[in-house]
Structures are given as C-alpha cells and as structure tokens.
Amino acid sequence: MSTTSPSLMRADRSRSLLVRRQLSDRLATGFGWVAMAVVVWMLASILWTLLRNGLPGLSVHLFTRSMAPPGQDGGLANAIVGDILQTGLGVLLGAPAGLLTGIFLAEYGANSKLARMVRFVSDMLLSAPSILIGLFIYMIMVAPFGHFSGFSGGVALAILAMPIVVRTTEDMLRLVPVSMREAGIALGAPKWRVILFICLRAVRAGVMTGVLLAVARVAGETAPLLFTSLGNSEWSLDMSRPMASLPVAIYQYAGSAYQDWMQQAWSGALLVTFGVLIINIVVRVGTRGGRT
C-alpha cells in the first residue's frame, strides 16, 4: 500500500492555497473594477446632464443681467457676484482663524486638555450639517438685528471653512521633522519665527491645499445662506442687506414652473460645478508640484 510523502502533501497544500489566493485576488480586483466603473459612470452621467441642460443657457445676458421675473430675459450676474463676495468673506474670516488654530494644536497645545477640547469641537464642526450652522448664525446675527445680510452669510461660510483649514494645517505641521525645528532654535530664532519661516514654509503647499478645499466646500452651500443672506433679486453690493447667491438662486429657480428660470438654474448649476472642479484641479496640480 503506497503512501503519499510529506513533501508531496505540502506541495499539494501550497498549490491549493495559491489557487485560493489567486481566486480571491481576481474576485477583489473584479469588484474593484466594477465599483470604479459605477463611480465613473455616475460622475460622467452627472457631468453630461449638466452640460446638456446647462450649455444652452450660457449667454452674455447670464453674466451681465440681474435676476428678473419670468419672461424678462434676466440673468444671474447679481447672484454670481454675491456668491463670490460671501465666499470670499467666509474664506477671509475662516482661513486665518483655522490657520492659527491649527498652529496652536500642532505647535503649542500638543495633547493638553485645551487642545483636546479644541480638536474635538473642530471635528464636530467638520461633520456638522450645514443647515445647523445656518440656524446658529440666524439666531445670533439675523434675529437680533431683524434683517438678513451678506455679512451673516459670510460668517456662516467661515464657520464651515474653518475646521477644514484647522485639520489640514495641524496635519501638515506634524509632518515637519523635529530636526528642522531644532536647527532653527539652535540658530537662536524664537519659536514663532521657526514656525513662520521654517515650518509653514516647508508645508505651504499643503496648507494652501486646505484653503482651496475649504473654498470648494463652501462655494456651493445653500442651506446656511437661506437662513442668513436669504437672497436678493436686485443688484446689490451692500453686505449689510440681503444678498443674492448662486446656490440660493439655483434652489429657487429649479423648483419653479417657468422654463426660463429652470434653464438658468441648470446653467447656474453648471457654473458652480465647473468652478469647484477647477478649484480641485488647482489643488491637485499644486499638491503634485509641492511634492516634486
């Protein structure tokens, strides 16, 4: 009666294990390709829908005329300018605050109790629904004064942008080697100079990436602006009054029964989408350039 040698048994087990591993690898790879194809298809279908419905509405009037009643051949000029002003104010307020907070967490706070509290609150703001931020600003900046304003809209967007800059700045500064800090201190430079001229300069590409991502995050927000700046169909650069914005205009026009308003809503959605897309492309190119 013949018996199988131990070496042949080990070889059989190895081949069986290799076959199972190859099968698992092919299944995982196949699922990955399927998931990628689904995501690409969804993205392509969204972009195609926006292009198909939004391109016919792009005209000179869209960029030069203010919002108007149905049938009056209006545009979205005041909404575009109002969106730029409120987003710019939000980034102008939120980016420096987020930058300073990130510096404190990475360079001064470390694992102190205050730093842990600040980090926890920042993480909560990062995941908080934007409509809650809008309600909060409404209670402290709109209701007490009895009117909506572009300033309150900018503050709401600043709160949404700030935690993104905080997280990015802290993470980037933690990547700076300790030896670079020690070298600066050994040369007699105070700590603030080391942080400003050595640490931040070393990670400026990453910090700028965080700021641009914050811009992309708040540029298309609608819910906070509904409770703060509300909207305005007239041309206005007064930030103390209700101010139009592109996301709010899209929200108002998309639900209307008028064909020209719906067309402008599609064109406005196309502008917002490609604006955010351009910002993300700039982030990618800038980050790649910072690594080379």
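**Notes on the predicted model**

1. Let's start with the annotation. UniProt, in an unreviewed entry, lists residues 80-283 as "domain: ABC transmembrane type-1". Please keep in mind that what we have here is a predicted model. Within it, residues 80-283 are 78% helix and 0% strand, and the C-alpha atoms at the two ends of that span lie 22 Å apart.

2. Helix H3 is a good place to look next. H3 covers residues 77-109, 33 residues in total. From its first C-alpha to its last, H3 reaches 45 Å, close to the 48 Å expected at 1.5 Å a residue.

3. What follows H3? The next residue is Ala 110, with a positive phi near 55°. Ala 110 is found in the loop between H3 and helix H4, the latter being residues 113-127. Its relative accessibility is 39%, so Ala 110 counts as partly exposed, given that buried means under 20% and exposed over 50%.

4. A second backbone angle deserves your attention. Leu 230 is not a glycine, yet its phi is positive, at about 65°. This residue is found in the loop between helix H10 (223-228) and helix H11 (246-254). Leu 230 counts as partly exposed because its relative accessibility is 36%. As background for both cases, most residues other than glycine have a negative phi.

5. Now for the largest pocket, which may be handy if you plan to look at cavities. Its volume is about 260 Å³. There are 14 lining residues, and the closest to the pocket centre are Asp 83, Ile 84, Ala 219, Leu 246 and Leu 271.

6. Which helices each supply at least two residues of that lining? They are H3, helix H9 (204-219) and helix H12 (259-291). By class, the lining of the largest pocket consists of 10 nonpolar residues, three polar ones and one charged.

7. Helix H12 brings us to one last residue, Val 285, which is found in that helix. Is Val 285 buried, partly exposed or exposed? Val 285 counts as partly exposed, because its relative accessibility is 45%. Val 285 can also be set against Arg 65: the two are 220 residues apart in sequence, and their C-alpha atoms are 34 Å apart in space.

8. If you have the viewer open, a friendly suggestion for a route: begin at H3, which runs over residues 77-109, step to Ala 110 in the loop between H3 and H4, and then turn to the largest pocket, where H3 is among the helices that supply at least two lining residues.

Technical notes
Residues are numbered from 1 along each chain as its sequence is written. This is a predicted model: local features need pLDDT of at least 70, side-chain atom pairs count only at pLDDT 80 or more; totals for chains, interfaces and linings use all residues. Side-chain values use heavy atoms; hydrogens and water are left out. UniProt positions are given in the numbering used here, feature names are shortened, and annotations may be inferred rather than shown by experiment. Helices (H or I, at least four residues) and strands (E, at least two) are DSSP runs, numbered from the N terminus. The expected span of a helix is 1.5 Å times one less than its number of residues. On a 1 Å grid over the protein atoms alone, a cavity is a set of points where a 1.4 Å probe fits but cannot get out, and a pocket is an open set with protein on both sides within 12 Å along at least five of seven lines; lining residues have an atom within 4 Å of a point. Grid points are joined across faces, edges and corners, and a volume is the space filled by probe spheres set on the points. Ala, Val, Leu, Ile, Met, Phe, Trp, Tyr, Cys and Pro count as nonpolar, Asp, Glu, Lys and Arg as charged, and the others, Gly among them, as polar. Buried means under 20% relative accessible area, exposed over 50%, partly exposed in between (1.4 Å probe, protein chains only).
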